[in-house]
Amino acid sequence: MTTGTARGFHFLIALLVVALDRAAKWIVARDISLHDTISVIPGFFRLTHVENRGAAFGLFADSPSEWKITVLVLFSVVALAIVSVLLWRNSHSLQSTGIGLALILGGAIGNLWDRLLNGRVVDFLVFYVGQYQWPAFNVADSAIVIGAGLLVVEILFAKSPAAEKSA
């Protein structure tokens, strides 16, 4: 596969993540009132429309700092730049590294979009068991976590070039 084809594929993945994230958030904001809940799998999964003014999983959401949004946006822009450079340099193949970076890029753009336009991110996916609940998240967050997971797997289990030559 050529470098250009792989780059196109990676950026297409990022674009699809952004499109899916935007569509899901739009549907939730349109069809579920703020703080309302729809049970999907009783005792395990529900859709709940919440708005996160903080970072991932609501970190810093209660911070009164007037700089909070600015810092979160600047952090996101720096992360996007780093991931974009890494993705551009890695686009020689369809390894899990490139796909992981593409998922992270798409997710970061999706959440940055919300933060820039509204100062908050729409979250709606909630998994829980009894009284134990994972913080609400969205499609963009899912893509970032899956992408990071792919990078970790690649780092932990990839064969070194020397090991590949001897195999």
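The following dialogue shows how to read the main features of a predicted model.

Student: Which elements does the protein contain, and in what order do they run from the N terminus?

Tutor: The secondary structure comes to five helices and four strands. From the N terminus on, the order is α-β-β-α-α-β-β-α-α.

Student: What is the mean pLDDT of the protein, and which elements have the lowest and highest values?

Tutor: As a general principle, where pLDDT is low, the predicted coordinates should not be read in detail. Here the mean pLDDT is 86, with 82% of the residues at 70 or more. Among the elements, strand 1 has the highest mean, 97, whereas helix 5 (residues 161-166) has the lowest, 59.

Student: In what order do the strands form the sheet, and is the pairing parallel or antiparallel?

Tutor: In general, strands of a sheet pair through backbone hydrogen bonds, in either a parallel or an antiparallel manner. In this model the four strands form an open sheet in the order 1-2-3-4, and the pairing is antiparallel. Strand 1 and strand 4 (132-133) stand at the edges with a single partner strand each, so one side of each is left without a neighbour in the sheet.

Student: How many bridges join strand 1 to strand 2?

Tutor: Strand 1 (residues 37-41) and strand 2 (residues 45-52) are joined by four bridges. One pair to locate is Thr-37 with its bridge partner in strand 2, Thr-48. The two strands form a hairpin with three residues between them, and Gly-43 in the turn has a positive phi of about 80°.

Student: How many bridges join strand 2 to strand 3, and how many join strand 3 to strand 4?

Tutor: Six bridges join strand 2 to strand 3, and Leu-47 stands opposite Leu-125 in strand 3. Two bridges join strand 3 to strand 4; the bridge partner of Tyr-128 in strand 4 is Gln-133. Strand 3 and strand 4 also form a hairpin, with two residues between them, and Gly-130 in that turn has a positive phi of about 60°.

Student: Why is strand 3 described as largely enclosed?

Tutor: Seven of the nine residues of strand 3 are buried, so the strand is largely enclosed by the rest of the structure. For the whole protein, 37% of the 167 residues count as buried.

Student: What span should helix 4 have?

Tutor: The general idea is a rise of 1.5 Å a residue, so the 19 residues of helix 4 (residues 139-157) should span 27 Å; the end C-alpha atoms lie 27 Å apart, which agrees.

Student: What is found at the start of helix 4, and which elements do the buried residues of helix 4 pack against?

Tutor: At the start of helix 4, a side-chain oxygen of Asn-138 reaches to within 3.0 Å of the backbone nitrogen of Ala-140. Ala-140 is buried, as are Val-139, Asp-141, Ala-143 and Gly-147. The buried residues of helix 4 pack against helix 1 (3-31), helix 3 (96-118) and strand 3 (121-129).

Student: What share of the contacts joins residues at least 24 apart?

Tutor: Among contacts between residues at least 6 apart in sequence, 66% join residues at least 24 apart.

Notes
Residues are numbered from 1 along each chain as its sequence is written. Side-chain values use heavy atoms; hydrogens and water are left out. Buried means under 20% relative accessible area, exposed over 50%, partly exposed in between (1.4 Å probe, protein chains only). Contact means heavy atoms within 4.5 Å. Two strands pair if DSSP finds at least two bridges between them. The expected span of a helix is 1.5 Å times one less than its number of residues. A polar contact is a pair of N or O atoms within 3.5 Å; within protein, one must be able to donate a hydrogen and the other to accept it, and residues adjacent in sequence count only if both atoms are side-chain atoms. pLDDT is the predictor's confidence in each residue, from 0 to 100.
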